[in-house]
Protein chains: 2
Amino acid sequence: MTEERLIRLVRPEISVPELKDNTADTDRVIKALKKHLGIDLLHVDLSLIRELPYKLRDNNYKIYACIFQANNISELIDVYPEQARDIYGIAVDLGSSTIVMRLIRLADLKNIDEITFRNPQTEIGADILTRIHYASKPEGLKQLQDMLINEMNNHIQELCNKHNISLDKIVGISVAGNTSMTHLFLGLTPHWICREPYIPVINKFELPLKASDIGLKVNQRAILIVFPNVGSYFGGDLIAGILASGMARQREEICMLVDVGTNAEVVLGNGDWLIACAGAAGPALEGGVADIGMMAGPGVIDRVRIDPETLKIEYHTIDNLPPVGICGSGLIDLVAQMFIAGLIDIRGKFVPERCGNRLVEKDGIMYFIVVPAQESGTGEDLTLSQPDIDSLIRSKAAMYTILTTIIKTVNLSFNDIGKFYIAGTFGSYIDPKSAITIGMIPDLPLDTYVALGNTSIKGASLVFKSKDYYGEMLRIRDMITYIELNVNQEFMQLFSAAKFIPHTDRSLFPSVRQYYE
Amino acid sequence: MTEERLIRLVRPEISVPELKDNTADTDRVIKALKKHLGIDLLHVDLSLIRELPYKLRDNNYKIYACIFQANNISELIDVYPEQARDIYGIAVDLGSSTIVMRLIRLADLKNIDEITFRNPQTEIGADILTRIHYASKPEGLKQLQDMLINEMNNHIQELCNKHNISLDKIVGISVAGNTSMTHLFLGLTPHWICREPYIPVINKFELPLKASDIGLKVNQRAILIVFPNVGSYFGGDLIAGILASGMARQREEICMLVDVGTNAEVVLGNGDWLIACAGAAGPALEGGVADIGMMAGPGVIDRVRIDPETLKIEYHTIDNLPPVGICGSGLIDLVAQMFIAGLIDIRGKFVPERCGNRLVEKDGIMYFIVVPAQESGTGEDLTLSQPDIDSLIRSKAAMYTILTTIIKTVNLSFNDIGKFYIAGTFGSYIDPKSAITIGMIPDLPLDTYVALGNTSIKGASLVFKSKDYYGEMLRIRDMITYIELNVNQEFMQLFSAAKFIPHTDRSLFPSVRQYYE
C-alpha cells in the first residue's frame, strides 16, 4: 500500500504573473497542480476560485495546495501559506446511542484528541425505530438531522478551540455509521429501510460529498467521506470494521468478523471474497435484558470467577467500586462460570442442590443471588433470574446458529478460520474462553480470537491514511455478497440444537468437555 | 458532429425493488444509467439523492433521467415522469449594457422566447471600469452580483410563467460575456483585470458550475456553462462568436472574425489554428461620439445615400420616423457617401465648394447639416462636425491597422481570407461596401463578408445542441494564441498611412479607385 494520503498538501511551482505570462490565477494554479500531480482534470469549487486571487497574492504565489485524490477524482480543497500548513481530519463513529469523534493531524496521522458524547437524537427516541418513525415526516427528519449536526458542530468547535486549530484547517470528515444513522445524518428518509423490501435511499457514495452540504461547519470544501452500506441491515459501521480488521487485505487466511450486539453482524472471507449476514441475536448478549444487566460503567461487574470447590464468586468491577450491576461480558463470564461450577445444567437451569441458599424464589420465579445486599453498591441483592439465563441462552444460540449458517453457506468449517475478529467496544471485554464455554462462539484455539475494540472509529480514521484505504473501503462494499438469513426449518433445527450449554453436539466443543464428563 | 445533446433525457430500464433485489434507490438508478450510457462514473448531487425515493415511487420507477455529459463528466441533473419530460435551457448574452436571454426547448432546440433587458449594473456605472472600481470592495462586488442575479431571476421567472414552464425544468444555463462581466456575474473580483499584468481570476471552467452556486433560481442542479475567457481583454463573448461563426470547424478556408466596437476584437484562423488580438478602435465606429450619434432605435438613421450629381441626401430611419440621430452603420454610410460625392476629401476634411450652404461654422468648428431642422424629428438641424469625421477616421484607421497587423503576424495577406465574419448586432447593419469605401475593412469581394448578428447569444445557444459544441468551446479556448498588440513604431506608421480615405496606398483599395480618379 502506498502511504500517499487521501488528503494531502503538495507544493506546486507556481510562477508569479507578469505581462509575458498573464495566465489567470485559477488557471495558473490548476496548470501547476496538474503538472505536479500528473493528472488531467482537477475540480476547484467556485468558493475557492473566489478566494484564490487574495490567497495567492498574500503569499506571493508560494502556497501549499490541499488536495483530495481518490477514485480518479482530484479536487483542490484549499491553499495555505507555508507557515500555517497543518491540516486535520475528523473521524466519526456515528453510533445510534454514542458518537465518538477523533481529531487527526493528517500529515503524521497523530490522534490529537478524541471525544465521546451521547447521540442527541436519543432525546427523540432511544431506539432507532422510534427515530425512523419520527423521520417519516420531512420536518421530523430535518429536526433529527439538525440535532445531530448542531451537536457535532459544537464538539468540533470545542475540539478546535481546545487545540487552537482554525476550522478551515479541518479538510476531511470521515463517518462510519449504520444504514439508518447514515440516512438521518445526511437527511435522507429512512422510511423504506424498515419496510419490505427494505430499500435504503443510497448505499454507496462513489464520489465524496462536501461537509458543508449538510451544514458541518469546517472548511467549506472539506471532503465528507461516508462509509457505504451494503443494505438496510448491514451498514457503513461494518464496512469500517472490515477495513479496520484488515481481513480484506488478507490473501492467505480466511477470516471471520463478528459484531456482537442486539443484531449480530457477521462477515466471512478475505481479500478475494467476502460474504456477510446479519441476524437478531437478542439484547441478552449485551446484558441488556437481565435485571442486573447494564452498560459498562463504574461499579459494573465485567469479570467473574467462581471457585468450583468453594463456589465462592469472585468478581471484578470497573473502577473497583462496590458492584451495582453486570455488563454483557460479565454476564457471559458469570453464566460460563456457573456452568463450570455446576450451578446450572446444560439447559441453563439452576441446579438447586448446588445453588443452595443462594437460590431464592419470588412470584414463582427463581433468582440466583450473585452479590448479596451487604456487598453490593445498591444495598440490595444483585440477582440473576432463570428467565435472564434463558434469554442469554437463546441469544447465544442465535449467534452460534448465524455463525454456523454462514460457514455452511460456503461449504467451510470453523476450523478453516485463521482469525476470528470481534468488533465493537463490548466485544473487547468478552473473554473468548467464557464465550466458548457457553457455546456462543466456536471452539477454536484462543489465539484465533482477536478483539478489535471500536472498529467504526478505527475504520473511519484509516481512510485518511491513504488513497488505497479509501479505495479498499469502496472495494469492500463492492466485494461483499450479502446473504439473507433464511429462518427456515434448517435454521430452526440448528437453533434448537444450540440452545444448550455448550451445544447438544458436544463434539463441537471439545475444550468444554472437561466440565461435564 | 454528433447530435447527442449536451443535456438530454434518457430512459434507463430501472427494475422495481423486491426482496430478491433490494439495491438502494440511488444505486439502482446509477447502475441502470451507467449501463444505459456505458460510463463508469456518474455524479449525483445529495439534493437529488434526497428526492429520489419519492420521485421513483411516485412513478413506479419509470422515469426519464436528465443527464449532462461532456468532457468525461457525467451528471444526473434530475428525473422526470413520462408525462412531464420537457426540459429547457437558457442562453444568455451577458452584455455590459444589454442582456439577452433566450429560452430554448432542449429536445428540438426550439427558441421558445427571447427577452432583452438593460444590465441593471449600469445603475452603478454605465462603463465597466466604474463597476470594476466599485467592485474593489467585497460588498460592492456582492451588490453588483446581486443586482444582476436578481434581475436575471426575475426575467427567468417571467419567461417561465409566460410559457407555463416550472422552474425545475430549466436544467442548463449557458452564459457568454466578456471577462469583466463574467467576473461580476460569478462574484469574482475584477480588481486585477485592469491592472498590470492584467490577471483574471479564472479564464477556463473545465467543469461546469451549478446555476444554484450563484443563486440562479432554476433547477437546483441546473448546469451553468460559462464561456471561457482568453484573457482580460478577450472574453467568453468572443469565444461564443468563434463558436457561432463555425470558423473553428473550417478545414479549408482561412477565416477572419471581427467584433466591431469600442474595442475591436479580431480572430484569424480556422480549425487548425486561431490567433486573436484586441485593440482600442474608439467608440466612433459605433456612432458613440458624434453629436448626432446614438444607438440604433426608432427614428435613427441607419442607411444613407447621396446623389453624386444633385448631392441630395437620401436616408432611411428605423421605423421610418422623422430622423433624430444616426447610428454607427449610418455614420459609416454617411461618411462613405460624402467621400464619393466629393463633400469630403481623402483626409476626411470638408470640401467647402461642394458642401455649399450645408456647411456652417459655430465656435470655430465646421458642421455639415445632414438633416435640416424642418425635416428632423428633433426640430433642430442634425449635423456632423469636422471633429466627428476626424474621430471616425482615427477609429477606422485603428481598425484597419489592427487587421493588417494580425494578418502580417502570420505572413498572410487579406486575399487569403475566405470568409470575413462581422460579429455583433452593430456589425449586422454595416454596409461592407461603405466600410470598404472609407478603408475600415479590406477591399475583398463583397460576398466574403458575412454579418453574424448577435454571436454571443448564438454561441451560448449552440452549446446546448451537442456535447461536441461544448467540447469545441473548450477547444477554441485552448487553441487560441492571443497576441498582444504592440503599439510600436511600425504600428504607428501603419496607423498613419490608414488615416486617409480609403488609405494612402490606393492600390489596397482598387474598388474605391473609381471615386477619385
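# Helices, sheets and chain contact

Me: At what angle do the axes of helix 6 (residues 236-245) and helix 12 (residues 455-462) of chain B cross?

Reply: Helices are DSSP runs of H or I with at least four residues, strands are runs of E with at least two, and both are numbered from the N terminus. An axis is a line fitted to C-alpha atoms, for helices over the stretch in contact, with angles running from 0 to 180 degrees between N-to-C directions. The axes of helix 6 and helix 12 of chain B come within 7 Å of each other and cross at roughly 75 degrees.

Me: What pLDDT do local features need in this model?

Reply: Residues are numbered from 1 along each chain as its sequence is written, while chains are lettered from A and ligands numbered from 1 in the order in which they are written. The model is predicted: totals for chains, interfaces and linings use all residues, side-chain atom pairs count only at pLDDT 80 or more, and local features need pLDDT of at least 70.

Me: Which word describes the arrangement of helix 6 and helix 12 of chain B: parallel or perpendicular?

Reply: Angles under 35 degrees count as roughly parallel, over 145 as roughly antiparallel, 65 to 115 as roughly perpendicular and the rest as oblique. The crossing angle of helix 6 and helix 12 of chain B is roughly 75 degrees. The two helices of chain B are therefore roughly perpendicular.

Me: Is helix 5 (residues 179-186) of chain B largely enclosed or open?

Reply: A residue is buried if 20 or more other C-beta atoms, placed from the backbone, lie within 10 Å of its own, exposed if 12 or fewer do, and partly exposed in between. The buried residues of helix 5 of chain B include Met181(B), His183(B) and Phe185(B). Because eight of its eight residues are buried, helix 5 of chain B is, with respect to the rest of the structure, largely enclosed.

Me: Which strands stand at the edges of the open sheet with the order 15-14-16 in chain B?

Reply: Two strands pair if DSSP finds at least two bridges between them. The sheet has three strands with mixed pairing, and strand 14 (residues 300-306) pairs with strand 16 of chain B in the parallel sense over two bridges. Two strands of chain B have a single partner each, so one side of each is left without a neighbour in the sheet: strand 15 (313-317) and strand 16 (325-326).

Me: Which residue is the bridge partner of Phe368(B) in strand 19 of chain B?

Reply: Strand 19 (382-385) is an edge strand of chain B, in an open sheet with the order 17-18-19 and antiparallel pairing. Strand 18 (residues 365-371) and strand 19 of chain B pair over four bridges. In strand 19 of chain B, the partner of Phe368(B) is Leu384(B).

Me: What relation links chain B to chain A?

Reply: Copies are superposed by least squares on the C-alpha atoms of residues with pLDDT of at least 70 in both. A turn of 180 degrees and a shift of 0.1 Å along the axis lay chain B on chain A with an RMSD of 0.1 Å. That is the relation of a two-fold axis.

Me: Which helix of chain B gives the most residues to the side that touches chain A?

Reply: Residues are in contact if their C-beta atoms, placed from the backbone, lie within 7 Å. The contact takes 35 residues from chain B and 35 residues from chain A. With five residues, the element of chain B that gives the most is helix 2.

Technical notes: Two residues are in contact if their C-beta atoms, placed from the backbone, lie within 7 Å.
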